[in-house]
Amino acid sequence: MNRHLILSAIILLASPIALTSCFSSSKVNSKNEASVGKQLTDLDAAYRQGIITEKEYLKLRKAIISKND
């Protein structure tokens, strides 16, 4: 029983150390870095497929261009 208790304690103490090695240390950049052309192409495709209205298309197109002007 004493062995079982010691083994359990060792596993509990070692778990956080083992888990930290599972994660990458590199940063993930969540900023959308698609080019203006790609954004406009995707927007145009959404409009042509009927996913967005003409009004939404024009508003978003203007926003993309002015943001990257």
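## Overall make-up

Of the 69 residues in the protein, 9% are buried. The model is a predicted one. About 6,500 Å² of the protein is exposed, and carbon and sulfur atoms supply 61% of that area.

The protein has three helices and zero strands. Followed along the sequence, these elements give the pattern α-α-α.

## Helices α2 and α3

Helix α2 covers residues 36–48 and helix α3 covers residues 54–67. The two pack at an angle of about 180°, and their axes are 10 Å apart. Because angles over 145 degrees count as roughly antiparallel, α2 is described as roughly antiparallel to α3.

Which residues of the two helices meet? On the α2 side they are Val36, Gln39, Leu40, Leu43, Asp44 and Tyr47. On the α3 side they are Glu54, Tyr57, Leu60, Arg61, Ile64 and Ile65. Sorted by character, the residues of this contact comprise eight nonpolar, one polar and three charged.

## The aromatic pair

How many aromatic pairs does a search of the whole structure find? The search finds one. Its members are Tyr47 and Tyr57, whose ring centres are 4.8 Å apart and whose planes meet at 25°. Planes under 30 degrees apart count as stacked, so this pair is stacked.

Tyr47 belongs to helix α2 and Tyr57 to helix α3, so the pair ties together parts that are ten residues apart in sequence. Both residues also appear in the list of residues through which α2 and α3 meet.

Are these two tyrosines buried or exposed? Tyr57 has a relative accessible area of 15% and is buried, because buried means under 20% relative accessible area. Tyr47, at 31% relative accessibility, counts as partly exposed.

## Val36 and its surroundings

Val36 lies in helix α2 and is one of the residues of that helix that meet α3. With a relative accessible area of 30%, Val36 is partly exposed, since the value falls between the limits of 20% for buried and 50% for exposed.

What does Val36 contact, leaving aside its neighbours within four places in sequence? Its contacts are Ile64 and Asn68. Ile64 is also among the α3 residues that α2 meets. Val36 and Lys67 are 31 residues apart in sequence, while their C-alpha atoms are 9.4 Å apart in space.

Methods: Residues are numbered from 1 along each chain as its sequence is written. This is a predicted model: local features need pLDDT of at least 70, side-chain atom pairs count only at pLDDT 80 or more; totals for chains, interfaces and linings use all residues. Side-chain values use heavy atoms; hydrogens and water are left out. Axes are lines fitted to C-alpha atoms, for helices over the stretch in contact, and angles run from 0 to 180 degrees between N-to-C directions. Helices (H or I, at least four residues) and strands (E, at least two) are DSSP runs, numbered from the N terminus. Angles under 35 degrees count as roughly parallel, over 145 as roughly antiparallel, 65 to 115 as roughly perpendicular and the rest as oblique. Contact means heavy atoms within 4.5 Å. Ala, Val, Leu, Ile, Met, Phe, Trp, Tyr, Cys and Pro count as nonpolar, Asp, Glu, Lys and Arg as charged, and the others, Gly among them, as polar. Buried means under 20% relative accessible area, exposed over 50%, partly exposed in between (1.4 Å probe, protein chains only). Accessible areas come from the Shrake-Rupley method with a 1.4 Å probe; for residues, only the protein chains shown count as cover. Rings of Phe, Tyr and Trp (its six-membered ring) pair if their centres lie within 6.5 Å; planes under 30 degrees apart count as stacked, over 60 as edge-to-face and the rest as tilted.
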